[in-house]
Amino acid sequence: MESITKGQAFGDAFPLQKKNIFFSFYLTKAKLLALTKKDIDLVNNQIHITKTYFRSEGRDIITTPKTDCSVRVIDIPEFLKEEIENYIGRLYKYPDDARLFPMVAEALQHKIKRHIAKAGVKMIRVHDLRHSHVAYLIHQGVPPLVIKERLGHKDIGITLNTYGHLYPNEQKKLAEMLNGQKTKKDKGDQE
């Protein structure tokens, strides 16, 4: 019997390009599904987030994001730019204003659920990829303000209220730093 890893659980439901794009700069699925070629700046390694996608009464709707902070430019790493460029390169005569990922959010989630069940791993939502990536960034020491800007949160409080529990407890480190400062002062006083 062939085993399926967690990475393979997403299978064709979320091809590598889409998964890496989503995971690398943690867009919501509504913003990811609204991206067009015009939003991608391959020269400067940037993605311009200016719209959001949803489906209502069988119609695809593209609208502006709900807050001004959600409209932003995200710098992306070279490897991701190359993946996006490769993906776009395979879209033969694709219009610049057409959505790069022409699927509905519900279909995406349904396919992912099917592959997760096949793999026997814990069920997650597409949005959980965003949370997982933020947890990774926090673990890597990325400052909360940078994460807030990349997420498009209106206020740092939203970021800290959502992800604050993931920050390591720095109390011991702070106490050691203060103790070190006191020790330096005491040595200076003795000289």
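Reader: I'd like to start with the sheet. How many strands does it have, and in what order do they run?

Author: Generally, strands of a sheet pair through backbone hydrogen bonds, either parallel or antiparallel. In this predicted model, an open sheet of 3 strands has the order 1-2-5, and the pairing is antiparallel. Strands here are DSSP runs of E with at least two residues, helices are runs of H or I with at least four, and both are numbered from the N terminus. Two strands count as paired if DSSP finds at least two bridges between them.

Reader: Which strands are at the edges?

Author: Strand 1 (40-41) and strand 5 (72-75) are the edge strands, each pairing on one side only. Strand 2 (residues 46-49) runs antiparallel to strand 5 and is joined to it by 4 bridges. For a landmark, look for H48, which stands opposite V73 in strand 5.

Reader: What should I know about the numbering and the model before I look at side chains?

Author: Residues are numbered from 1 along each chain as its sequence is written, and side-chain values use heavy atoms, with hydrogens and water left out. Because this is a predicted model, local features need pLDDT of at least 70 and side-chain atom pairs count only at pLDDT 80 or more, while totals for chains, interfaces and linings use all residues.

Reader: Thanks! How many salt bridges are there?

Author: The general idea is that side chains of opposite charge can pair when their charged atoms come close. With a salt bridge taken as a side-chain nitrogen of Lys or Arg within 4 Å of a carboxyl oxygen of Asp or Glu, the count comes to 6. One of them joins D96 and K37, at 3.4 Å from N to O. D96 lies in the loop between helix 3 (78-89) and helix 4 (105-119) and K37 in the loop between helix 2 (29-32) and strand 1, so this pair ties together parts that are 59 residues apart in sequence.

Reader: Which residue forms a salt bridge with R99?

Author: That partner is D60, at 4.0 Å from N to O. R99 is in the loop between helix 3 and helix 4, and D60 is in strand 4 (residues 59-63), so the pair ties together parts 39 residues apart in sequence. R99 counts as buried at 12% relative accessibility, whereas D60 is partly exposed at 44%. Buried means under 20% relative accessible area, exposed over 50%, and partly exposed in between (1.4 Å probe, protein chains only). R55, D60 and R99 are linked in a network of salt bridges.
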